[in-house]
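Here is a short report on one protein chain. Read it with the sequence and the coordinates open.

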Amino acid sequence: MMAKKTIIILVFIAAALAPAPLLPQAWQDDDDISTQALKLEQEAKADPGNAAILLNLEKLYAAMGMPEKARALLEHIIELRPDDPAAYSELGYILDLMNEHGLALKYHLLAVEKGPDDPLAHINLGLSYYYTSRNEDAAAEFNAAIRINQNLLDAARQLPAYTPEEISSNIAGQVYYLSNIALCHLFTNRPHKALEYLETARGF
């Protein structure tokens, strides 16, 4: 088994390579995040049934270290979108951050049930199993995520990309899939495979 220091380094490398799925680049500054949160709070107040606005606001709350607010919004989003696996997976992720792993597992399992082909749902479920020392179950979910991400990666490589926007989007998607695959290999004790995919992602 590789040393803990090596694991930590690889996790940081993978995180750095992966596109930020939560926040647009313009929101990365703390002041920008606070400003956007205030703006979205006003929009949510004016249109409380708009799940897209609420989800963006939830991601800001999570980034600002406000898991309780994020949790409350996600519970409301699930009421609005009861069949959306991403909402269940995100709520499970927030609950894991709050160390409520038992309840988190409930939502992760619902996410996988509603979205069996959603790789992030499998990754988040795998992490939740990992946090609770259910390593065999975690490995099964990470391996499922690898298969799905590999299929998505293969499909992305076949997509025609003509405009700069299409090319940029396609490359970002491929880097995201590669980074996800690397992380899954990392958490299943395959550091050499993780490095292989990280090196490929860095090549972009």
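The surface patch makes a good start. F204 sits in the segment after α10, the helix that spans residues 191-202. F204 is partly exposed, with a relative accessible area of 45%. Together with I167 and I171, F204 makes a nonpolar surface patch of about 240 Å². Patch members need over 30% relative accessible area, so F204, at 45%, clears that cut-off.

**Overall fold**

This is a predicted model. Its secondary structure consists of ten helices and zero strands. Along the sequence the pattern reads α-α-α-α-α-α-α-α-α-α. The chain has 204 residues, and 41% of them are buried. Contacts were also sorted by sequence separation. Of those with a separation of 6 or more, 52% join residues 24 or more positions apart. The chain exposes about 11,300 Å². Carbon and sulfur atoms supply 56% of that area.

**Salt bridges**

How many salt bridges does a search of the whole structure find? The count is seven. Side chains of opposite charge can pair when their charged atoms come close. Three of the bridges are set out below.

| Salt bridge | N to O distance | Citation |
|---|---|---|
| E100 and R71 | 2.9 Å | |
| D84 and R81 | 3.4 Å | |
| E199 and R202 | 2.8 Å | |

Take E100 and R71, which meet in a salt bridge at 2.9 Å. This pair links distant parts of the chain, with the two positions 29 residues apart in sequence numbering. R71 belongs to helix α4, residues 67-80. E100 lies in the loop between α5 (85-97) and α6 (101-114). E100 is partly exposed, at 29% relative accessible area. The pair also belongs to a network: salt bridges link R71, E75 and E100.

Next come D84 and R81, bridged at 3.4 Å. Are the two partners buried or partly exposed? D84 has 17% relative accessibility, so it counts as buried. R81 reaches 31% and therefore counts as partly exposed. The cut-off between the two classes is 20%.

The bridge between E199 and R202 has its closest N and O atoms 2.8 Å apart. Both residues lie in helix α10. They are three residues apart, about one turn of the helix. E199 is partly exposed at 43% relative accessibility. R202 is exposed, with a relative accessible area of 58%.

**Aromatic pairs**

The structure holds four aromatic pairs. Which residues do ring pairs link into a cluster? They are Y130, F142 and F187. A pair of aromatic rings is described by the distance of the centres and the angle of the planes.

**Backbone with positive phi**

Two residues deserve a check of their backbone angles. S133 is not a glycine, yet its phi is positive, about 65°. S133 is located in the loop between α7 (119-131) and α8 (135-158). With a relative accessible area of 59%, S133 is exposed.

N189 is not a glycine either, and its phi is positive at about 60°. Where is N189 placed? N189 falls in the loop between α9 (164-187) and α10. N189 is partly exposed, with a relative accessible area of 49%. The exposed class begins over 50%, so N189, at 49%, counts as partly exposed.

Terms used: Residues are numbered from 1 along each chain as its sequence is written. This is a predicted model: local features need pLDDT of at least 70, side-chain atom pairs count only at pLDDT 80 or more; totals for chains, interfaces and linings use all residues. Side-chain values use heavy atoms; hydrogens and water are left out. Helices (H or I, at least four residues) and strands (E, at least two) are DSSP runs, numbered from the N terminus. Buried means under 20% relative accessible area, exposed over 50%, partly exposed in between (1.4 Å probe, protein chains only). Contact means heavy atoms within 4.5 Å. Accessible areas come from the Shrake-Rupley method with a 1.4 Å probe; for residues, only the protein chains shown count as cover. Patches are made of residues with over 30% relative accessible area and no salt bridge: like charges are joined within 9 Å, nonpolar side chains (Val, Leu, Ile, Met, Phe, Trp, Tyr) within 5 Å. A salt bridge is a side-chain nitrogen of Lys or Arg within 4 Å of a carboxyl oxygen of Asp or Glu. Rings of Phe, Tyr and Trp (its six-membered ring) pair if their centres lie within 6.5 Å; planes under 30 degrees apart count as stacked, over 60 as edge-to-face and the rest as tilted.
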